[in-house]
Amino acid sequence: MIFLLILSFTISAKDTPDDAGGSITINVYNIPEGTEQIELYRLTKGDTLFEEVGLIPIFKGELDDATVTDGVLYLYKATALTPDTVYVAEIKEFASSSPEWFNKSRTSVLLFIALFWVVILVYIQLAKKNPEGLFIRKLPPLEAMDEAVGRATEMGKPVLYVPGIEYITDAGTLASITILAKVGRKVAEYETRIINPHFDPIVMTTAQETLKNAFSEAGRPDAFNKDDVFYLTSEQFGFAAGVDGIMLRERPGAIFLQGYFYAESLILAETGYSIGAIQIAGTNATTQLPFFVAACDYVLLGEEMFAASAYISKEPRLLGSIKGSDLAKSVLLVLIGVGVIFGTFAAIKNVAGNPVYMEIFDRILEFLARTAE
Amino acid sequence: MKFWQRFLNLDRKWIFLGIGLVVIIPLLFPLRLPVKPSKPVIDLFNRIDTLGVDNGVVWVVTDFDPGTMPELMPMTMSVLRHCLTKGTPVVLHGGLWPAYIGMAKMAMDNIAVEFPDKKIGEDYVFLGYIPGVTAVILAIGIDIETTFGTDYYGVPYDSLPMMEGVKNYEDISIIVDISGTRSPEYWLMYGQQRYGVDVGIGCTAVSAPSYYTFLQSGQFVGMMGGLKGAAEYEELMERYGYPTGRRPATVGMDAQSFGHLLIVVLVILGNIGYFIVRRGERKVGIERRKE
Amino acid sequence: MSISTSIWVWIAALLTLMIYSFLYKENPFYRLAEHIFMGLSIGYSVVILWYNYILPRIYEPLFFPPHQWSLIFPILIGMMTFGIFSEKYNWLIKYPLAVYVAGYAGVQIPLQLQTMILRQAEASFLTPDKFTSLFSSFNALLIFAGLVTTLIYFYFSAKREHGLGGASQVGIIFIMIAFGAAFGYTVMARISLLIGRMQFLLQDWLGIM
Amino acid sequence: MFIRRTLPILIAFCIGFAMLIQYFIPHPYSERFYDIVVQQWFITIYAFMFIFAYRSFFSHHIRKVKRRKTGYIFSIIAIASALLMAVGGFATRRGDFFDSLYNYLYAPLQATMFSLLAFFIASAAFRAFRARNVQATLLLVTAVIVMIGRVPLGDYLWRGMPDLIEWIMTVPSMAAMRGIRIGVGLGAVATAMKIILGVERTYMGGT
């Protein structure tokens, strides 16, 4: 306390780092006790009068003056008002602002992205060389898909494939289209029928192409009926009601609900259950997963959808990215694990009052905090 | 087993009727089960309650549409009433997306009726929709006047007495985002993280579970989750002697309780039936799927 | 309170009842209300699109000084969307999609990485302040275990053997608890919406509440 | 072939990469670039996609009316409602009449549509939500506890209920939610990267 009192009220000004210019950061230190407000003034080089900038929040002791012009020199002065005294602090040298070309506080994010990218590319190359070499574990819902199509065929019933109600920009919709190709090939092989209603016209055209190719690959291009892939409506409940109607009329033996769903998920899953179809769902919409888990026979949970589409296609690009994500997960696990070790360490040492460990620990936390910023 | 089989095939109209009744009857003949406020709601209430006149304005955002109105409108009204009664200046911002301005307008119209002596522009301000979503959140941190220009009714910003001296987040005490969307994350990322403004939220019960992460980390000041959260806020308003209107959320709580009870009973009965019937089928050797 | 005399409230009430008639069975009244709704939502979005996007963002900057002629580029790209109506030129739509989808992908990468991944991981570090009491220590460890096992559950490139299998078994327990909680909350939200509508019918329309 | 296949992928790469790099450059040029792309390009293209949806809507209903398909009268009503709302909005410049259409037609209809889910969820709870395995059982048990605990009835039955719910939400549920978020986030980042690199082309029809 005594130290604080004899340290005098000071101010510093510097170009705000990592910004687009037009801003100078002002800091005040050793704010006198009992200060009620701190006012900030500014003198532009060449002028004679100080103009008021505003109040510096006392608890922060920092203000970004965003009203400056790049390249112009300024002098700053702050006054701290206590009930009985006015303290004044002034900077010695002129300050100016300028824009930066690189945001240093984001370096670690850039590094993370670059690494992630390289890892994915490397894995894609590896997968191209040796597609069998990259292992992806089996996913039960995927295994069940062939069986479901088979069962529908046995019963002489069609297969219904609902691709969700998101646009083509969604990662889940993209995964759904890949899964559709797999289901389509099986359907063509078994010579049964696939019904594929759509919410979005653009997704519909993509699905049409995909199914056409799938039927050709299975050697039955003639069996593909373009009218079975159709646009229903882009109104959420209208779509749900329409698909419900199809379920009740056509009585499909297998239902695939794959893609991004919203509140209608429940209506679809319930009707599907009530007609006794095998239901295989998959969505990256975490809020809708509970309904699928409770009402469907098999569910691809969130990220499993992406893995499933990689597994199906055995395509290097997809396999590579799954491997990349897994590696990133391992890195995170290690990071969290290190955090735990140091956390525990620090917790123990903190009690013992060992400043060295606390120092190391703080450093690491600081780094991670910066990474996350 | 026959009974259960028939029971499981019960026409769903009866279930619909049941749900309708358990909601309507408690509304007409309320039991008034006590509502106990939870910590996230108390935190939000206290934060707003302890604000003085000169701590800055409360910034309420309506990021929802009619689909979630029953849950979120009572929250909006409570927070507005709370501020207006206390005399805390309050800004109503008509949402980050274009479709939500209708909700803000509705709340404004109610306020005009409930508080005839409070003046628009002096005691509260209504700002319209500005395109840009996250860009708007960032822009408020720089200068509110240039971001909005006028209020919803076209009155120039500098002619609004209440907004005199209100320049950016420094002059906003708390953002209360009432939202049926992902907007709380945006206010967090761009408002709280970048400019250090406090953020409290009101959200639907659907999204509440995923926001506990941010509550726990202290990034949100407080949270009202779903109709229950709204009722808890009304309860606190009542306890501290603030006007609560018709308390739409609290009134709905009995219906909510019994609605849940019925659904729980249905889940349990459905599963009992399922197991009894399935066991029976196994004995006779029928495979479930081909029934 | 008594029955409403406002024509608007009556219209709203009748439309509400028409929708609910669907619960009995699909019928012309429901279809009427449904189609009115579909039409209104299209009409509403046209108005909103015009006043909030096209007027301030496209029309005014293009036709009033200072003219932003650069806008012609995105307009041309946007018009390529119409290629989809022709069998021959449907590949044109690849251009607007390329700009839109890839552009958003670029914007999204750093944001996703920070808010969804790095920050979430950071919040999971066990810091000394999480061990203030026996209960909070227990919770901190449980959260840690839940997070780690959930991540392991979503680990695809190794067989589920030995420790991994056990860990992902634990992970699925946490996941199912989270789903259960989300399920409960969603039920709550849906019931609340119904209560809201019933309040409207009983209070604003009939005035018997 | 070039303009049909290669060029769109090149464009995707350039714009995606530029938008990514922009994040790390605070300079005004970079911010200006971001403004132009996000505020002008994205929004303009987005608006065209809307127009595309309008066209789908009108052509769908007009076709029905022309062919006198069953229920074509409803298509007339849908078109008329769309025109009513649009004309109402433009003629009054979003005035009181437009507000009333919104408050007393559009809002109640949307809210009621959503509230139908309350009925369906009840029916689904009875008919489809089965404890078919350990996972689903765990889900249903938690759901039942939360459903009872989050309403005043739960508090009435057992005073510790609200605390139990808070604990479930903030500890086990939150931990798993965080894990799922991280997983989905990584998946989204990986997909975005593949889109920029042009290895993910499904959105362009797979070619």
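User: In chain D, what share of contacts between residues at least 6 apart in sequence join residues at least 24 apart?

Analyst: This is a predicted model, where local features need pLDDT of at least 70, side-chain atom pairs count only at pLDDT 80 or more, and totals for chains, interfaces and linings use all residues. Residues are numbered from 1 along each chain as its sequence is written, and chains are lettered from A and ligands numbered from 1 in the order in which they are written. Two residues are in contact if their C-beta atoms, placed from the backbone, lie within 7 Å. Counted that way, the share in chain D is 26%.

User: Why is chain D described as more spread out than a compact globule?

Analyst: Chain D has seven helices and zero strands, taking helices as DSSP runs of H or I with at least four residues and strands as E runs of at least two, numbered from the N terminus. The globule rule (2.2 Å times the number of residues to the power 0.38, with the radius of gyration taken over C-alpha atoms) gives 17 Å for 207 residues. Chain D is more spread out because its radius of gyration is well over that, at 26 Å.

User: Which helix gives the largest share of the side of chain D that touches chain B?

Analyst: Here 38 residues of chain D are in contact with 39 of chain B. On the chain D side, α4 (96-127), α5 (134-149), α6 (152-157) and α7 (161-197) each supply at least two residues. The largest share, 16 residues, comes from α4(D).
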